[in-house]
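Reader: I'm new to reading structures, and I'd love a close look at just one part of this one. Could you walk me through the place where the ligand sits?

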Amino acid sequence: MKLYLNTDLARRYADAGLLEQERLRAKDIYRELMTAGEASPDWGVTGWLHCEEAAMQRAQIAEKAKEIRQNADVFVLVGVGGSNQAARAMIEALKGEGGPEILYAGNTLSAWELVRTLQKLEGKSVYINVIAKNFETLEPGSHFRVLRRWMSERYTPDEMARRVVLTGTYGSRLEEIAKENGYLFLSFPERIGGRYSAFSPVALLALAVAGLDVEAFVAGGSAMEAELTAEQGGIAAEYAALRSALGQKGYAIEMLAAFEPRLFWAQSWWKQLFGESEGKDHKGLFPATMTNSEDLHSMGQYMQEGRRILIETFLMVDDPGAELRVQSDKAFGDRFDYLDGMDFANINRAAEKATIQAHDAGGVPCIQLRLPRLNEETYGRMYYFFMIACAISGKLLGVDPFDQNGVEEYKRSMFRALGKA
Ligand code: PA5
């Protein structure tokens with residue numbers, strides 16, 4: 001189920017010579033990334049380039065997920081940023097009936113949210129997975145402490161050992177805690193950064209607990225990997241080159257617009273990926289998102305007539321996975337009879353097409369990325385596509401797409417404020 005990238009409308013806004021130059025550079029960067037990338041420390045943390053290799057410990061994960069699905073009412077995924085976004089985006093969009101309710105913690109410091117989460121756990125059978133690469137981040141660390149205390153007041157140490165899974169790097173304090181308490185420990189590979197961790201154990205346990213098909217997800221990523229290899233960067237290089245050419249022309253913001261609200265958390269994942277990878281040295285397109293139709297009635301005004309510094313990427317879905325026709329009701333006289341017999345999928349598609357036409361006419365470079373449908377396989381393809389495109393794009397900008405020193409700065413300042421030695 002291939003993804004299709006259509007850049008026809010947006011290319012018109014780029015300088016043709018510069019775009020061609022960026023295309024060639026993007027392909028060179030892709031080749032270097034895939035060959036030198038893993039071997040050379042200059043390329044940063046690139047252990048995620050091969051989906052099959054990143055997706056380690058799958059048998060162990062499948063076994064634990066089966067136990068959790070059988071015994072848990074609630075599964076709490078504790079992590080922030082790259083440690084929970086990829087899994088959350090898929091779970092929120094694809095989880096069906098059955099299995100435990102999935103709650104998220106460790107991604108805020110709001111007392112109200114944490115208290116509400118604890119209230120939801122009362123009387124339930126609870127399992128947790130704490131994900132923190134080096135176990136230094138305040139949000140997941142503090143929430144683990146609260147959840148641990150809450151669980152220890154309800155479960156024996158042996159039960160706790162079954163109910164707590166920790167995911168971190170080998171050698172971290174988190175691994176020691178796992179050993180000291182007999183918790184299952186999963187690998188957060190040192191050579192994979194949080195926002196590039198979708199195919200690693202970081203995301204896989206939660207996906208399996210949600211009943212999602214991990215094998216189909218990894219196969220989707222691998223299929224995109226094979227496609228990009230065969231086409232020397234293919235659509236990922238094309239997308240990165242176009243973003244670079246438009247960025248150099250003065251465009252400052254990329255709006256990722258979707259007409260399927262269940263893509264909300266995938267958009268959030270995308271925002272984190274590009275924002276944290278590219279926003280350095282006062283460079284990079286600012287990543288923003290719109291969920292339509294809702295945001296057409298707010299941000300749509302700005303897109304149409306505001307400052308011409310925006311490009312827009314439409315994340316389109318061919319098959320929404322549901323059918324609903326508007327039934328005729330002439331006697332009611334609501335003046336919506338022009339919709340009689342139409343399927344909402346077609347109505348939504350018409351709104352999407354009309355928006356692209358209107359924004360194009362309003363001077364916005366519009367890129368279209370089409371997904372045939374939303375399932376584990378297409379998420380695998382989409383994640384891999386965006387991760388490679390982002391790595392190329394960062395390198396085109398001349399920044400390191402794999403570090404996040406700016407984020408570390410807020411952490412240092414917060415730790416000082418809180419008196420951490
Ligand atoms: O992409 C990244 O590296 C970050 O977003 C991290 O995932 C996030 O800061 C959480 O870090 P940690 O897993 O160390 O708690």
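Author: The C-alpha centres of domain 1 and domain 2 lie 32 Å apart. The contact between these two takes 13 residues from domain 1 and 11 residues from domain 2. Keep in mind that this is a predicted model. As for where the pieces run, the domain assignment gives 4–37 + 217–406 to domain 1, and 57–188 to domain 2.

Now for the ligand itself. Both domain 1 and domain 2 give residues to the shell around the ligand, so it lies between them. If you're hunting for the spot on screen, look for the largest pocket, because that is the space the ligand takes up.

Who's in that shell? The ligand is surrounded by 14 residues, and the closest are Ser83, Lys133, Thr137, Gln272 and Glu276. Sorted by class, the shell has eight polar residues, four charged ones and two nonpolar ones.

Let's zoom in on some of the closest residues. In Gln272, a side-chain N or O atom is 2.6 Å from an oxygen atom of the ligand. Ser83 also uses its side chain: an N or O atom there is 2.8 Å from a ligand oxygen. With Lys133, it's the backbone you want to look at, where a polar atom is 2.8 Å from an oxygen atom of the ligand. As for how covered the ligand is, taken alone it exposes 390 Å², and the protein buries 90% of that.

Technical notes. Residues numbered from 1 in each chain as written. Predicted model: local features only at pLDDT ≥ 70, side-chain atom pairs only at ≥ 80, totals over all residues. Heavy atoms only, no water. Near = heavy atom within 4 Å. Polar contact = N/O pair within 3.5 Å; in protein donor to acceptor, adjacent residues only side chain to side chain. Areas by Shrake-Rupley, 256 points an atom, 1.4 Å probe, with all protein chains shown as cover. 1 Å grid on protein atoms, 1.4 Å probe; cavity = no way out; pocket = protein on both sides within 12 Å on 5 of 7 lines; lining within 4 Å. Sits in = over half its atoms within 2 Å of the grid points. Nonpolar A, V, L, I, M, F, W, Y, C, P; charged D, E, K, R; others polar. Domains from an automatic or database assignment. Contact = heavy atoms within 4.5 Å.
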